[in-house]
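Hi everyone, thanks for making time for this. I'd like to walk you through a structure that's new to most of us, so let me put it up on the screen.

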Amino acid sequence: MSGEQQLDADLGSGVEVEEFSWEDYLEETGSTTVPYASFKHVDIRLQNGFAPGMKLEVALKNDPETYWVATIITACEQLLLLRYEGYGEDRKADFWCDIRKAGLYPIGWCQQNKKTLEAPEGIRDKVSDWNAFLQQTLIGACGPPVSLLEGLRNGRNPLDLIAPGSKLECQDFRDSLSTWLVTVVENIGGRLKLRYEGLESRDGFEHWLYYLDPFLHHIGWAAQQGCDLQPPLAIKHLKSEADWQEILAKVKEEEPLPSYLFKDKQVIGTHEFSINMKLEAVDPWSPFGISPATIAKVFDDKYFLVEMDDLRPEDHTRRSFVCHANSPGIFPVQWSLKNGLHINPPPGFRSQDFDWADYLKQCGAEAAPQKCFPQSISEHQFKENMKLEAVNPLFPEEVCIATVTAVRGSYLWLQLEGSKKPVPEFIVSAESMNIFPLGWCETNGHPLSTPRRARGHKLRKIAVVQPEKQILSSRTVHEGLKNQLNSTHSVMINGKYCCPKIYFNHRCFSGPYLNKGRIAELPQCVGPGNCVLVLREVLTLLINAAYKPSRVLRELQLDKDSVWHGCGEVLKAKYKGKSYRATVEIVRTADRVTEFCRQTCIKLECCPNLFGPRMVLDTCSENCSVLTKTKYTHYY
């Protein structure tokens with residue numbers, strides 16, 4: 001058999017694997033997703049250490065040996081939208097760059113290295129004395145950390161610095177407050193698989209934490225807190241004291257990770273708990289219900305040990321975990337009752353009905369006062385039946401599709417779908433770092449466990465938006481533009497296209513199609529994330545904010561004269577009891593998002609700044625406050 005014939009045979013015998021599509025799944029189940037803005041830890045990760053307003057010295061595109069000062073307009077993971085100083089509010093020359101490929105340097109670098117600092121050709125004649133202009137512009141200016149820029153010039157994204165083999169310090173959160181070194185085994189989108197330093201994989205002491213977890217720290221944190229590095233009790237017996245000290249000495253010789261990577265971590269405040277106080281708690285190792293618990297130990301003014309109550313003989317292992325003042329999963333006595341929830345009596349409790357008053361008398365204990373507990377988050381966007389991606393609490397290496405089955409205050413009850421083994425409904429905080437927006441796994445290359453989908457689906461009668469021009473189907477767009485997309489210049493993150501935050505500027509002119517009141521009720525922003533997913537959510541929100549959603553859907557509908565070379569997405573609208581759908585083209589790459597938003601606004605006859613990557617604070621650059629529905633055509 002020839003090599004060519006062998007290849008054909010191999011291809012012919014392959015197994016077809018159905019690729020999971022969040023869009024199709026949501027349509028089939030009639031579900032909605034939790035908005036991106038609900039996952040603050042993901043949003044922080046995408047900020048990458050850069051912030052709007054920071055200034056840099058950047059090489060000119062047409063003359064790489066010449067540099068000029070630029071201001072960051074928008075930051076999204078490894079993408080920056082920059083504007084050279086001197087352009088003022090003119091956005092025409094804004095440009096995207098990949099922070100790992102562009103030459104980005106701190107202010108003053110050109111002078112130190114005798115490099116040419118000169119304004120771009122398009123604005124050189126605007127100012128007579130550029131030196132004086134820069135001196136005035138740079139008063140009070142700030143820039144990203146020098147060490148961050150140096151790391152980028154070595155081809156590393158800020159979060160990529162936490163690479164396999166990196167060392168960190170981790171507090172033991174099971175039963176003591178000892179701090180020991182951990183080695184990063186994997187880093188997937190900020191989720192770190194960690195192993196205690198000095199142990200091997202076969203020892204079975206690996207665990208997963210998000211890099212912003214309050215119990216995870218940069219090297220040197222323990223010394224700053226006046227603590228000694230000591231291995232946890234669970235592993236201390238595995239080596240002699242001399243061996244542990246030798247391991248510690250070796251790590252001290254290595255260059256530590258920069259501490260700015262952890263600058264957005266939660267600040268731990270002081271608590272007011274006392275030993276033997278009673279409370280209600282979710283066992284983090286078995287988060288399937290709420291049970292009585294006790295403050296078993298107070299380490300200091302920041303940390304204390306919570307032990308799940310167990311009335312069985314003392315030879316049973318008691319489950320405990322370290323907490324701080326803002327730890328999730330701890331509640332005042334009677335919290336379950338006030339929220340209409342069942343409380344699980346402690347093991348060994350003999351009565352059928354659990355009553356806190358009787359239980360406190362039986363134990364001779366007092367309830368922890370309300371002031372000891374963190375305030376519940378009253379505002380969040382999680383609602384029942386919404387979909388998201390969540391870590392399996394029993395198998396932390398697995399991330400599954402999850403459905404919000406109940407919401408009580410700032411706590412969610414989740415049901416996993418597609419997990420390798422059945423998992424009961426479990427409880428998480430709305431601020432948990434083990435939950436993620438849809439598409440997070442795909443964007444970060446993390447496997448997603450999904451339910452087996454039925455091959456056949458019932459057909460539903462719907463009213464279709466009749467096109468004024470010939471419509472290209474979603475499949476046609478994908479097929480017809482495949483070759484063009486392969487050659488289209490784009491910037492990618494982990495193989496996916498990243499979209500910056502899209503702001504809804506409620507004060508801007510909303511035009512004849514969009515309801516001003518409904519626009520004002522939209523979230524401040526959507527994203528950042530996958531371009532197609534973010535823009536799809538933005539357009540869906542706009543359609544639902546219209547006086548006549550079907551009319552807006554028609555305006556957005558793809559036609560054969562499209563110039564975006566994007567992908568076709570089927571969007572839906574409901575109006576007067578009828579369902580409508582149409583294929584709408586959405587750009588795939590971040591460098592086209594700004595113009596796509598602007599042109600979409602113009603198509604809807606609203607202010608070009610109504611939505612887009614730029615936030616309008618006070619005065620809109622389009623002066624749209626003077627516009628009315630009748631004046632719009634005159635301006636645009």
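**A short tour, starting from one residue**

Okay, let's start with Ile-290, which you'll find in strand β14, the stretch covering residues 290-298. One thing to keep in mind as we go: this is a predicted model.

So, is Ile-290 buried or exposed? It's buried: its relative accessible area is 3%, and the cut-off for calling a residue buried is under 20%. And what is it in contact with, once we leave aside its neighbours within four places in sequence? Quite a list, including Glu-280, Ala-281 and Val-282, then Phe-331, Trp-335 and Ser-336, and also Trp-413 and Ile-427. His-342 is on that list too. Along the sequence, Ile-290 and His-342 are 52 residues apart, yet C-alpha to C-alpha they're 7.6 Å apart in space.

Let's zoom out for a second. The chain has 636 residues, and 48% of them count as buried. Its secondary structure comes to 19 helices and 30 strands. If you take the contacts with a separation of 6 or more, 65% of them are between residues 24 or more positions apart.

Now on to a sheet. Which order do its strands come in? Reading across, it's β11-β10-β9-β8-β12, so to speak an open sheet of 5 strands, with antiparallel pairing. At the edges sit β11, residues 206-210, and β12, residues 216-217, and each of those pairs on one side only. Looking at β11 and its partner β10, residues 191-196, we get antiparallel pairing over 5 bridges. If you want a spot to click on there, Arg-195 stands opposite Glu-206 in β11. There's a helix packed on this sheet as well: α9, residues 241-252, touches β8 and β9, and its direction makes about 55 degrees with that of β9.

Last stop, a pair of helices. These are α16, residues 531-544, and α18, residues 593-603. Their axes come within 12 Å and cross at roughly 20 degrees. With angles under 35 degrees counting as roughly parallel, α16 and α18 are therefore roughly parallel to each other. The crossing is right-handed.

Which residues meet there? From α16 we have Cys-531, Leu-535 and Leu-539, and from α18 we have Val-593, Phe-596, Cys-597 and Thr-600. By class, that contact has 6 nonpolar residues, 1 polar and no charged ones.

That's my tour, so over to you for questions.

Methods. Residues are numbered from 1 along each chain as its sequence is written. This is a predicted model: local features need pLDDT of at least 70, side-chain atom pairs count only at pLDDT 80 or more; totals for chains, interfaces and linings use all residues. Side-chain values use heavy atoms; hydrogens and water are left out. Axes are lines fitted to C-alpha atoms, for helices over the stretch in contact, and angles run from 0 to 180 degrees between N-to-C directions. Helices (H or I, at least four residues) and strands (E, at least two) are DSSP runs, numbered from the N terminus. Angles under 35 degrees count as roughly parallel, over 145 as roughly antiparallel, 65 to 115 as roughly perpendicular and the rest as oblique. A crossing is left-handed if the near helix is turned anticlockwise from the far one by less than a right angle, and right-handed if clockwise. Contact means heavy atoms within 4.5 Å. Ala, Val, Leu, Ile, Met, Phe, Trp, Tyr, Cys and Pro count as nonpolar, Asp, Glu, Lys and Arg as charged, and the others, Gly among them, as polar. Two strands pair if DSSP finds at least two bridges between them. Buried means under 20% relative accessible area, exposed over 50%, partly exposed in between (1.4 Å probe, protein chains only).
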